[in-house]
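Q: I have a model open and would like to learn how to read its sheets and its interface. Could we go through them together?

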Amino acid sequence: MKGLMIKDIMCLKKQLMVFCYVIIGVLIVSVMFVLSARFGNLSVAARQMAAENNMSVLDVNNLATLALLTFMFLPFAAVGDVLFVFEEDNKAGFAKVAGALPLSVPKRVLSRYLSVFALLAIGALLDIVIAFALSFLTDILSFAGFVGIILSALSMMIIYCSLTIVFRVAMPGAGKGQYAQILSLLTMAAGFILIRFEKIKELIAQVKSENNNMGPERLWDLLTAMKEKAWIFALIAITVMLVSYAVSVTIAQRKRGVI
Amino acid sequence: MDEIRNVIEINNLTKDYGDFKLDNISFSVPEGSVCGFIGQNGAGKTTTINLLLDIIRRDSGEIKLFGESVDSNSAALRENIGVVFDEMGFHEFMTAKDLNIMMKNIYRNWDEKKFFEYLKKFSLPSKKKCGSFSRGMRMKLQIAVALSHNAKMLVMDEPTSGLDPIVRNEMINIFREFVLEEDHTIFLSSHITGDLEKIADEVVFIDGGKIVLTGNKDEILESHGILKCKKDEVEKVSSSLVVGCEMSSFGAEILVNDKASAEKLYPDMVVEPAALEQIMIYYVNAGKR
């Protein structure tokens, strides 16, 4: 199984280069952010906005957090293209070779999950290191808050990758990768709407009402949920991952030669 | 005397694809032999090999490898099988060194030293991407992998097709070397019967998803013959002996399934030995008729 994981990571070699560039980019932006937040324009702007009552301190803080998160999620996105491995296997006709190896179908499927999650874990680890530095050097967010958000983002990526794998196993063959990706995103969106249906209804009602004076609170709600309720995202991710694995194994065993 | 063990036993195997059906086939391969699996393209050779390795799911029938059913433990059984496909199947960006790293983490008995010795023997570069290899080099690389985990059996699907005679001969010598060990077996599919005539002990002949002929190669070659006669003499030949007949402007050529009887019954006619290729062609044409 380890051998297949090594092969998968070799397939992602090209992606790994992108990953390295992203890591370097994230590190540079982090340093620039810290410097600006402490001594530069960011700190001046924050003080000014709070003094002029344009935005509350919370808003300023949350905005800074959002800006930070945008680039902190990049390492995840860089390795999240799990489809690349499927396409490479397809191009080489590797499924046949894999079928002749002394590895059972569940092990072959598991190796695909593990190699993707190993790369995601590297992304998460890097983000945690940056988060530690940022929480130490700035007062934007506590380390626990950062970890919560990273865990939530990691959970979302795990959900996305798990869904993509199961859809790709269900739809073997060349050129079906995009469909798997689209289906994964649609499923995630549908899941989100289903879970937050009442809130979304409320939000739509507010938008429709005449005295609509909605602030950015809703967005901050999500941010707070990501910070404080990361364990819920993690639980959902684990559940999706397990279900996805079980379904993938069942399909792969029935179809054979797809992974 | 020790009983001969079958390393492959296939009983009533069926796989239906709709437009093609592998129809209730049965055969066995004894340990220590080289078994040639012959048949024209699309006869069902690759499907049988894929079923044998449990790569595809069968509809019915039983497959035993080394005396064990593939249902119970196909993955572990594959530890003892080296497989060579007609197409390489390794990623083109991988080098032989990469393959070594991958395989040593897959096969329990992977022999790194042996693998690099084979690479040297086959003049294969270890640091060059295998995508740039010629067809012959790709096949050799597959064979090097197949031989480097101390497999007891080699299963090969058309390993010599598309190769020039020199490389084919080289490969046949490698196979010969492999079966020098008495517990080593080769199951080799090919439509190039000349290669099989050189090394096979057993022959399984498949056509249209059905087994047409199976047995010891020498016995098959000995029992079959090409009877040459005039066109008006064809009717005289007993139909029970005739596999197929081909007419030409010079007369008729009949493949008979009992050469000795034909020689006895028709002393005036010439009965020549038949080559495996001729036997295959006559059986295929007879099936079409």
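A: Gladly. Two strands pair if DSSP finds at least two bridges between them, and helices (H or I, at least four residues) and strands (E, at least two) are DSSP runs numbered from the N terminus. This is a predicted model, in which local features need pLDDT of at least 70 and side-chain atom pairs count only at pLDDT 80 or more, while totals for chains, interfaces and linings use all residues. Residues are numbered from 1 along each chain as its sequence is written, chains are lettered from A and ligands numbered from 1 in the order in which they are written, and side-chain values use heavy atoms, leaving out hydrogens and water.

Q: What is the strand order in the open sheet of 4 strands in chain B?
A: In general, strands of a sheet pair through backbone hydrogen bonds, either parallel or antiparallel. Here the order is β2-β1-β4-β5 of chain B, with antiparallel pairing. The edges are β2 (21–30) and β5 (68–69) of chain B, each pairing on one side only.

Q: Which residues stand opposite each other in β1 and β4 of chain B?
A: β1 (residues 6–16) and β4 (residues 60–65) of chain B pair in the antiparallel sense over 5 bridges. B:I8 stands opposite B:L65, and B:T14 stands opposite B:S60. Helix α1 (residues 45–52) of chain B packs on this sheet, touching β1, β2 and β4 of chain B. Contact means heavy atoms within 4.5 Å. The helix direction makes about 115 degrees with that of β1(B); axes are lines fitted to C-alpha atoms, for helices over the stretch in contact, and angles run from 0 to 180 degrees between N-to-C directions.

Q: How many residues lie between the strands in the hairpin of β4(B) and β5(B)?
A: There are 2, and B:F66 takes a positive phi near 50 degrees in this hairpin. The two strands pair in the antiparallel sense over 2 bridges, with B:E68 in β5(B) as the bridge partner of B:L65.

Q: What does the salt bridge of B:R5 and B:E31 tie together?
A: Side chains of opposite charge can pair when their charged atoms come close. The rule asks for a side-chain nitrogen of Lys or Arg within 4 Å of a carboxyl oxygen of Asp or Glu. B:R5 and B:E31 meet at 3.4 Å, N to O. B:R5 lies in the segment before β1 of chain B and B:E31 in the loop between β2 and β3 (34–38) of chain B, so the pair ties together parts that are 26 residues apart in sequence. Over all chains, the search finds 21 salt bridges.

Q: What is the order of the 6 strands in the other open sheet of chain B?
A: It is β6-β7-β8-β3-β9-β10, and the pairing is mixed. β6 (81–84) and β10 (210–216) of chain B are the edge strands. One parallel pair is β7 (residues 153–157) with β8 (residues 185–190) of chain B, over 5 bridges; there B:V155 stands opposite B:F187.

Q: How many residues of chain A and chain B are in contact?
A: 27 residues of chain A touch 27 residues of chain B. The area buried between them is about 2300 Å², with carbon and sulfur atoms giving 65%; buried area is the accessible area (1.4 Å probe) that two parts lose on being put together, summed over both. A:K96, A:P102 and A:R256 supply 30% of the area that chain A buries against chain B, more than any other three residues. Across this interface the rule finds 0 salt bridges.
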